[in-house]
Amino acid sequence: MRLTTCIGFLTGLLAWAAFTQADPTPLRLTVDAGKVPRSNAPIAATIKSPPLVEVLREFKLAGSGTLIPADANGAAKDEKPAAGAGASGAIPVQIERVGDDTVIMRWIEPDLQPGQPKTYKLDLDVKQQRKPVFAFAEGDGFRDLKFGDRGVYRHMTRYDPADHAATFKPFHHIFGMHGEGFITNGPGSEEWGKSGEGIRFPHHRGLFFGYNKTPYGDFWHGKDGVSQRHREYIKGREFSGPVAAREVSVNEWTTAHDKPIIRDMRELTTWRVDDEHIVLDFEVTLETLTGETVQLRGDAQHSGFHFRAANSVGQDDAATQPTTRGSSGGNVAYIRPERAVAKGNDVWADCPWVYAGFSIKGHPYGVSEMNAPTNPEPTVFSTRPYGRFGAFVNDQEVSPGKPLKLKYRFIVRSPSEPPDAKQLESEYQAWITPVTVTAENK
């Protein structure tokens, strides 16, 4: 099954009739793919609608409903249900209220082809939230995101100066989709044990971010007592529902003398495509806390936003010889764009995305990382066969009044067959090229 991802924005302004009990949601949406084909695509459409906002006052931040396939006049039509859709092709939709007159509607678009726009009418589910849904669950030094009773990720947030090596930076573990536990490396995993003894490059942990060369120390390895410390979640910006969930975490990059020098805010929106496909959208904002410019430097192997697969992935050399150190060994198969240019030492330029394929306890997994074109350039990717890969941009500054903003998309799937480079390029183009969504009175 192909997974293509995108974010859609409203280009037409909604003209709404007054809210009535007889027809509480007189809304028709038309969605156009543009020139990029999309399958199982996350959509976020921003709509200005005071009456719809009024309906949603019964919700804290998000409501739910369904999009029902319709003809050009807004009348429902029978359509063969796609994967994830309900009867007659109805699609779950999640609605976030933003301000006094704006909502964002999120759904997974099953299939949208160029030149074949689709029309939906909205059916709000005001009284009853749709199940199953995303939900956050607090733990001791971590917080899980679950969909129903299944774990999606675990955000590791504990910091303990007495256990610095295991807690010096927050990160996200990813749960396996077949009951394997975590498919990522780091404290809390089955392989880690109590101290991480025998783990290859134990500072590589799940989904993680850092730089190894700053005026204040190495925030990649956590050397000399420096740390990234989780401080809080911004609860007022969180949501969870049947389609997506968002967390916003605040971290501080702290010197060995307990002086915070950078505030690091990570906004993570998670989409559930199906039981074996999730999409993770990160927006990272770095601000200086010193009143002065902070330089961020490093190299592709020791800085940036990276993914690290479980330690078992890196223990095989062509699935035969175990290895514990060095850059060789591991069974990860990478796919890169045809235009990517090898720079040596597993570094690739002109490479906006990479795909890593590997197996965990006999189950296949694939993880894509995409670098947003709005990020500073030149960005390069480092890709190691033991399962650590990520995007890196050098010589950055975090200045007063000028934060550094970065965006990345990760797609995690357990595919029966791996995607090819053409599909992966299409997924990337769909992400950076929004669909067109128009809304009107039906």
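# Notebook: strand E28 and its surroundings

I started with a single bridge: valine 284 has leucine 406 in E28 as its bridge partner. Before going on, I noted that this is a predicted model, where local features need pLDDT of at least 70, side-chain atom pairs count only at pLDDT 80 or more, and totals for chains, interfaces and linings use all residues. Residues are numbered from 1 along each chain as its sequence is written, and side-chain values use heavy atoms, with hydrogens and water left out.

**Entry 1: the strand itself**

I looked up which strands pair with E28, taking two strands as paired if DSSP finds at least two bridges between them. Strand E17 (residues 277-288) pairs with E28 in the antiparallel sense, over 10 bridges. Strand E24 (residues 363-371) also runs antiparallel to E28, and 6 bridges join them. Here I found methionine 370 opposite arginine 409 of E28.

Is E28 enclosed or open? Strand E28 covers residues 404-413, and 8 of its 10 residues are buried, so the rest of the structure largely encloses it. My cut-offs: buried is under 20% relative accessible area, exposed is over 50%, and partly exposed is in between, with a 1.4 Å probe and protein chains only. Helices (H or I, at least four residues) and strands (E, at least two) are DSSP runs, numbered from the N terminus.

**Entry 2: the whole chain**

I then stepped back to the totals. The protein chain has 3 helices and 29 strands, and 56% of its 442 residues count as buried. Among contacts (heavy atoms within 4.5 Å) between residues at least 6 apart in sequence, 69% join residues at least 24 apart. I also noted an accessible surface of about 18200 Å², with 49% of it belonging to carbon and sulfur atoms; the area comes from the Shrake-Rupley method with a 1.4 Å probe.

**Entry 3: helix H3**

I checked the length of H3 (residues 421-432) next. Its 12 residues should span 16 Å at 1.5 Å a residue, and the end C-alpha atoms are 17 Å apart, which agrees. The expected span is 1.5 Å times one less than the number of residues.

What do the buried residues of H3 pack against? I found strand E3 (38-48), E17, strand E20 (333-335), strand E23 (353-360), E24 and E28. The buried residues of H3 include Leu424, Tyr428, Ala430 and Trp431.

**Entry 4: aromatic rings**

My search of the whole structure found 18 aromatic pairs. Rings of Phe, Tyr and Trp (its six-membered ring) pair if their centres lie within 6.5 Å; planes under 30 degrees apart count as stacked, over 60 as edge-to-face and the rest as tilted. One pair is tyrosine 211 with phenylalanine 392, which is tilted, at 6.2 Å centre to centre and 50 degrees between the planes. This pair links distant parts of the chain: tyrosine 211 is in the loop between E12 and strand E13 (227-233), phenylalanine 392 is in strand E26, and they are 181 residues apart. Tyrosine 211 is buried at a relative accessible area of 0%, and phenylalanine 392 is buried at 6%.

Back in H3, the rings of tyrosine 428 and tryptophan 431 have centres 6.3 Å apart and planes at 65 degrees, so this pair is edge-to-face. The two residues are 3 apart in the helix, about one turn.

I also noted one aromatic cluster, formed by Phe209, Tyr211, Phe219, Trp253, Phe282, Phe305, Phe392, Tyr408 and Phe410.

**Entry 5: alanine 391**

I looked at alanine 391 in strand E26 (residues 388-393). Alanine 391 is buried, with a relative accessible area of 1%. Its touching residues, leaving out those up to four places away in sequence, include Phe305, Glu369, Val380 and Tyr408. The C-alpha atoms of alanine 391 and phenylalanine 307 are 9.5 Å apart, across 84 residues of chain.

**Entry 6: backbone oddities**

Most residues other than glycine have a negative phi, and most peptide bonds are trans. So I listed the exceptions below, citing the general rule only as background.

- The peptide bond from glutamate 377 to proline 378 is cis, with omega near 0 degrees; proline 378 lies in the loop between E24 and strand E25 (379-383).
- Phenylalanine 201 has a positive phi, near 50 degrees, and is buried at a relative accessible area of 14%.
- Asparagine 345 has a positive phi of about 60 degrees, and is partly exposed at 49%.
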